[in-house]
Amino acid sequence: MDVFTSLHASLQEILGSDGISEPTAPQIEAIPKILEGKNILLIAPTGMGKTEAAVLPLFHKLLTASEATSGGAGKGASEDTSTKGIKILYITPLRALNRDMLARLKSWCDRLGISIAVRHGDTPQKERSRQARSPPSMLITTPETVQILFTGKRLREHLKFVEYVVVDEVHELSEDERGAQLALALERLAALKDGSEFQRIGLSATVGTPEELAKFLGGMGRDVEIIKVEIEKGMQINVESPEPTLADEELAPELHSEPKTIACIRRCRELIEEHRATLLFVNTRDNAEGIAARFRLWDESLPIGIHHGSLSKDVRIQMEDEFKAEQLKALICTSSLELGIDIGHADFSLQFNSPRQVTRLIQRVGRAGHRISEISRGTIIATNPDEIAEGTVIARRAMAGELEELVVRDSPLSVVANQLISTLMTSSPANAKDAYRIFRRAYPFKKLSFKKYESVLGQLFERNLVWLEDPEFGKRRGAMEYFYDNISMIPDEKTYRIVDITTRSVIGTLDERFVASYIEPYSRFIVKGISWRVVELEPEAVLVEPVHDIGALPSWIGEEIPVPFEVAQEVGRLRANFDTIADDYPMKEDARAQLGEYLADQSAKGFLIPSDVLITIEPTDTRPPAIIVNACFGSKVNETLGQLLSALIASKLGSSVGIRVDPYRIILELPEKIPLNHIQEHLLETKPDALEHLLRVILKNSSYLKWQMIQIARKFGAIRKEIDHTRVSLSKLLDSFIDTPLYYESIEKTIWDRMDLARTKDVLARIQNGEIKLEIGRLSPIGYAGYETRRELMIPERADRTILQAMQRRIEAEVVRLVCLHCGRTQRAVIKNLEDKFKCTICGSVMQAAVMPYDTDSIKLLKKKELTEEEAKIVKRLRKNANLVMEHGKRAVTALAARGIGPDKAARILAKQYLDDIEFLREILKAEITYARTKRFWD
């Protein structure tokens with residue numbers, strides 16, 4: 001069926017002139033339903049013409065309505081019709097549609113006589129005024145800007161004419177507060193139209209629970225028809241894990257990485273060179289910067305760009321344009337390129353390490369070869385066995401269409417506070433019961449009780465933002481400032497612009513926490529794959545210059561992608577049944593061999609393999625001690641169990657217990673050793689039904705809650721947006737708002753973001769009925785692998801073995817002068833050749849100081865009778881030096897020979913207990929980095 005023939009003649013003519021002759025599958029399915037006036041949710045892969053499927057029938061409706069009004073047929077809408085009000089509201093989570101699509105829409109509207117405009121935070125005031133005077137027939141905007149549209153008297157009148165609302169990338173909005181705010185905005189729009197309904201059209205990528213998404217879009221009491229377009233095309237995904245070559249080992253120190261990481265980067269380069277245009281996806285912005293910097297250090301001529309959300313708009317557009325123009329063969333990118341940004345001709349998708357979630361992998365691989373006739377091809381490059389197992393499970397699930405569930409959060413109270421104030425921007429006073437009825441029509445608030453609603457209103461009253469006179473409430477003086485400070489539900493964190501002083505251009509942003517932790521004059525960091533040196537720190541900007549070196553990787557907020565329960569469970573099943581089911585998974589031989597060796601090594605050494613139905617509990621030999629609970633339950637269940645175990649153990653010990661989790665382990669860092677069966681007992685004896693209550697008590701003292709409370713307090717108007725979090729007393733904040741809606745929302749938000757109560761209850765029940773076994777044992781290779789490594793790719797302060805061993809070789813090649821404090825004899829020695837413990841070869845004294853060969857002045861002071869105050873200090877340091885050498889031998893000499901480490905610093909380093917030499921070397925490197933950062937103050 002050619003659905004284009006059902007469209008207005010003008011549209012058919014334009015489509016023909018633009019070379020669009022055949023509709024895509026989504027257009028065939030959606031256009032007739034939209035023409036019928038149905039609310040629809042259109043689900044289809046990226047690049048299948050979903051936007052056109054939505055707007056073409058809406059343009060048809062505008063044209064035919066205009067002709068009916070004017071009393072005759074015509075080729076376009078009249079000017080009179082276009083000025084009556086906004087007819088189509090197109091809402092996108094991005095600042096705008098991709099630029100190519102926007103240009104096409106504007107071209108079509110110009111030729112059809114339909115006015116179109118874009119409105120977001122960067123729209124100039126002149127354009128905003130023009131839109132208020134003469135509204136476009138179609139307005140493209142963001143969820144946040146919709147809030148502002150309600151506040152203008154003229155714009156509010158124009159909104160009464162809205163007949164069609166399109167929500168683009170609706171799946172990206174549905175699960176968080178931003179989406180809840182939008183759902184309420186749609187209900188407020190319906191109320192503004194006096195109950196006159198508008199047609200709702202949602203556009204979505206493939207999701208696991210489309211029914212939930214349709215309910216979110218439609219709100220309560222409306223039918224939304226789901227149109228799910230299955231494209232019959234291939235998706236080929238495999239997992240590789242290249243072994244390091246001799247060349248990789250030689251390159252590793254130069255690129256400040258382990259040989260294994262270099263082998264993976266080398267394989268990425270080979271695949272990039274084999275394809276026309278590659279998208280190289282990573283999970284975090286700091287990993288994107290780390291890989292880009294190493295490509296640049298390796299070969300500056302490589303045509304590889306970088307794209308993520310903390311780069312400036314100009315840089316991102318430059319990268320997109322250069323990629324489309326084929327000036328770049330690859331773009332290293334994060335989820336910033338998962339959405340509808342047009343990147344042209346990509347024919348291959350790379351994923352560095354596991355993408356963590358099936359839906360993300362489908363989105364990312366779908367960006368390459370996403371035209372109907374093309375197969376989407378992708379490869380996951382994994383750096384270790386856990387990444388291999390997780391990546392291959394996700395690849396199998398992606399190709400089988402087994403997606404994660406989408407769940408809409410119920411009644412976020414921060415959005416209730418936000419929208420009560422927003423309501424008053426439209427009309428003050430307002431009727432509280434009428435406003436409550438509007439809330440209940442939005443799907444995220446379907447269960448909101450009037451009691452909770454009233455409690456939020458009461459807290460706003462206490463903050464002096466509203467007045468209350470039942471049944472009405474109205475705004476006070478602070479309400480307007482609150483509204484403009486909290487238009488967005490995205491968490492507030494101050495950002496600093498990064499300004500290149502050589503060009504005066506803005507290259508990106510840094511988060512407040514990174515600036516506070518790392519940024520000072522002359523410090524270095526990586527952005528845009530380039531190392532920058534800080535020249536000056538201003539109140540709103542960091543002024544930098546480019547340098548040729550590796551710097552620190554910025555850590556940006558909100559980046560950790562949780563691994564779902566189902567994925568981690570399947571990884572456990574794969575581990576347990578590897579020999580029989582490995583063939584069912586898309587692993588290349590190198591990846592399969594490494595995963596097989598990893599599991600075989602575990603068994604060969606007499607250890608059980610942790611799986612979906614076996615938890616192993618293992619101690620470390622470290623000081624302070626730690627316990628590793630190997631549990632294949634995913635990020636959120638392990639976080640929940642970790643918080644539970646940490647709190648129960650801490651209550652017994654009377655001191656805090658640290659926790660680290662990954663999808664396959666819970667690591668408990670203890671102040672002292674405890675019997676391993678305590679862990680077993682807690683898991684067997686904690687009643688599943690008591691878990692929720694226990695967690696709420698536990699979280700009261702959690703650092704997670706305290707940070708969350710700052711964000712929620714801003715959304716409740718309890719803290720001004722511009723107040724620096726370092727000036728806020730978290731304990732006072734907690735004391736001030738205990739048992740208030742703000743406090744309860746902080747608890748609920750923390751649980752929602754980081755935990756999974758329902759599945760954890762189920763896991764506890766399965767442990768207690770024997771379905772999941774518990775075993776206590778020694779530290780195994782699988783347990784140690786999780787303890788030793790971190791999910792991050794490369795962080796200079798957490799240096800890898802290659803860097804540390806290179807530093808060790810440098811220090812051990814140093815020549816030192818050993819000075820006997822008993823007989824005064826000196827001898828030169830290469831550190832590498834020293835025994836672990838040694839003494840003077842003349843008198844046998846063990847009191848020998850290790851000094852640099854050029855430090856002859858200090859040695860002379862040992863024979864001097866009368867010493868000045870300063871000289872006495874130098875001799876005292878020599879004696880401390882000798883004491884350290886006597887006690888620690890070669891290790892003390894190693895520390896003293898490092899850059900910027902004197903006897904005092906060496907004593908602190910040597911006093912610590914270390915798991916192995918690598919940890920000792922790591923501490924030395926940390927001291928060297930600190931010295932390098934601060935030496936300008938001592939020069």
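A search of the whole structure for disulfides, meaning pairs of cysteine sulfur atoms within 2.5 Å, finds zero. As a reminder, a disulfide is a covalent bond between the sulfur atoms of two cysteines. The model is a predicted one, in which local features need pLDDT of at least 70 and side-chain atom pairs count only at pLDDT 80 or more, while totals for chains, interfaces and linings use all residues. Residues are numbered from 1 along each chain as its sequence is written, and side-chain values use heavy atoms, with hydrogens and water left out.

Two cysteines help to illustrate the result. For Cys264, the closest cysteine sulfur belongs to Cys268, and no bond is counted because the two sulfurs are 7.0 Å apart, too far for one. Cys264 is also buried, with a relative accessible area of 0%; here buried means under 20% relative accessible area, exposed means over 50%, and partly exposed lies in between (1.4 Å probe, protein chains only). For Cys823, the closest cysteine sulfur is that of Cys820, at 3.7 Å, which is again too far for a bond. Cys823 counts as partly exposed, because its relative accessibility is 37%.

What does the protein look like as a whole? It has 38 helices and 29 strands, taken as DSSP runs (helices H or I, at least four residues; strands E, at least two) and numbered from the N terminus. Of its 939 residues, 55% count as buried. Contact means heavy atoms within 4.5 Å, and among contacts between residues at least 6 apart in sequence, 73% join residues at least 24 apart.

Helix α15, spanning residues 358–366, offers a friendly example of a mostly covered element, with seven of its nine residues buried. These are Val358, Leu361, Ile362, Gln363, Arg364, Val365 and Gly366. The buried residues of α15 pack against strands β8 (235–240), β9 (278–281), β12 (348–352) and β13 (376–381), as well as helices α16 (385–400) and α22.

Helix α22 covers residues 565–576 and includes Gln569. Is Gln569 buried or exposed? Gln569 counts as buried because its relative accessibility is 6%. The side chain of Gln569 reaches the backbone oxygen of Cys632 at 2.8 Å. Leaving aside neighbours within four places in sequence, Gln569 is in contact with Cys632 and also with Asp612, Phe633 and Arg766.

How values were computed:
A polar contact is a pair of N or O atoms within 3.5 Å; within protein, one must be able to donate a hydrogen and the other to accept it, and residues adjacent in sequence count only if both atoms are side-chain atoms.
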